[in-house]
Amino acid sequence: MWGFIECFKKPKRCDSANVKEVPNKVVIIGGGVAGLEAAINFSEFCDHIVVFEEHEEIGRPLQCAEGWIHFTGVKPYINGRRVNEVDVIILDRKCNHKTSFSIKINGSVEIINRPKTEKKMAKMAEDRGVRIFTGSKVTLLGLAKQFSDYDLIVDASGYPSQWCREFGGKKPYAPAVQAMCEKDTDKITMFLHPELDGYFWIFPMADSGSKVGVVSFTKPRVPLRKLLDEMMKMTGLYDEGFEPTSYTGGLIGCYRNSPFVRELNGIKVALVGDAAGIADTFAGEGMTKAVIFSRVLARCAREGGFMITRGNTTGMMRGHYFLVSVFAYLRKNFTLLNLFGKSGILGVVNRLSVNREPRIDNMKKK
Ligand SMILES: Cc1cc2nc3c(=O)[nH]c(=O)nc-3n(C[C@H](O)[C@H](O)[C@H](O)COP(=O)(O)OP(=O)(O)OC[C@H]3O[C@@H](n4cnc5c(N)ncnc54)[C@H](O)[C@@H]3O)c2cc1C
């Protein structure tokens, strides 16, 4: 009965609250990259951290092309396969090859084995005293009741956030589908098609094999799985031996879901990773952003209060978001892409390829 009544309570947003007390008890929804990174970072100063993951196994099911972008300076927890080249192939409406160019990226993208990475992160967290419960699907209302003596709930539940599932406010998303193939490749290939606001890709796997996928940032004209099949046929990938052995897919929330810190029944709730909608709208890349976001949240909670999380995260990402919006515009504008594609993209990517440490140390103090 009490749970039923609680459903009608409108959760408060936490714009004005200025909480400077350092949290000691944190409960995290989601054992993905964002949730585990938050657990590792909060464990440096919190005594009680609990993570709930709805799936039975950390790292599964895999819903990712596993490209770890080094531009941010954030290193993955395990080594992967460095990619040195990206081929961009521009197709015409019938999927014939129109023009193409290669970009040397000199190892700035690494294909990581994501299930292994997440398992390693979970082990690191557990070694630091974090308790992880798999096969446990939780709700915010349930946690706010059961963990009412906790200081913070981290909503790292991916897209759509658990907050949106319970209280609404769902943002647009990009659906993606990918096929696993045994055929190996050592570079990334991106195909751009005038009717697709997204792209069609071939990514290597970390060890051997490849993933062929498609993502759309607007509603595709046919279901994505059908589109993937059509594109594989028309670009001749089936003839080249890219034979799907299984399919996976998922939704990428790439529109910000702020405020990042809210309040529910007196407990702060912080959204991180895809739950906060911080994956980028050019490539749908979200792993390093999830890591940065969780680190920023933990640092803010420890040093300055949760409310500076938003300014610090968006401040840190401003340059990145500017570039991805330029790229996203180029992705849709085929005339510009043909004119400036090679030299423009090459120049920017080469500049970005210089590894930089994220400026977490330069965060504004309240
Ligand atoms: C097909 C595809 C390809 C992609 N390729 C790339 C790529 O190459 N590189 C890249 O950087 N990004 C890529 N992304 C995006 C990337 O996967 C996400 O940005 C990243 O996973 C975000 O991490 P997260 O921890 O925020 O969310 P998630 O990885 O979605 O993790 C959320 C976790 O929370 C759990 N959960 C959800 N609700 C509950 C609940 N109520 N109770 C308990 N547990 C719950 C889920 O089971 C899940 O494990 C891709 C996405 C897709 C769909």
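These legends describe close-up views of a predicted model. Local features need pLDDT of at least 70 and side-chain atom pairs count only at pLDDT 80 or more, while totals for chains, interfaces and linings use all residues. Residues are numbered from 1 along each chain as its sequence is written.

**View 1. The ligand and the residues around it.** Of the 37 residues around the ligand (C-beta atom, placed from the backbone, within 6 Å of it), those that come nearest are G30, G32, G158, G273 and G286. Domain 1 (2-61 + 113-172 + 254-353) and domain 2 (82-109 + 174-252) both contribute to this shell, so the ligand lies between them; the domain bounds come from an automatic or database domain assignment. At least two residues of the shell are supplied by each of α2, β8 (174-181), β12 (244-252) and α7 (287-303), where helices (H or I, at least four residues) and strands (E, at least two) are DSSP runs, numbered from the N terminus.

**View 2. Helix α3 and its buried residues.** Helix α3 spans residues 114-127, and its buried residues (20 or more other C-beta atoms, placed from the backbone, within 10 Å of their own) are R114, T117, E118, M121, A122 and A125. Seen down the axis of α3, these buried residues fall within an arc of 135°, taken from the directions from the helix axis to the C-beta atoms, so they line one face of the helix.

**View 3. The surroundings of α3.** The buried residues of α3 pack against α2 (33-42) and β6 (131-133), with contact meaning C-beta atoms, placed from the backbone, within 7 Å. Just after α3, G129 takes a positive phi of about 95°.

Methods
Expected span 1.5 Å × (residues − 1). Buried ≥ 20, exposed ≤ 12 C-beta atoms within 10 Å, placed from the backbone. Contact = placed C-beta atoms within 7 Å.
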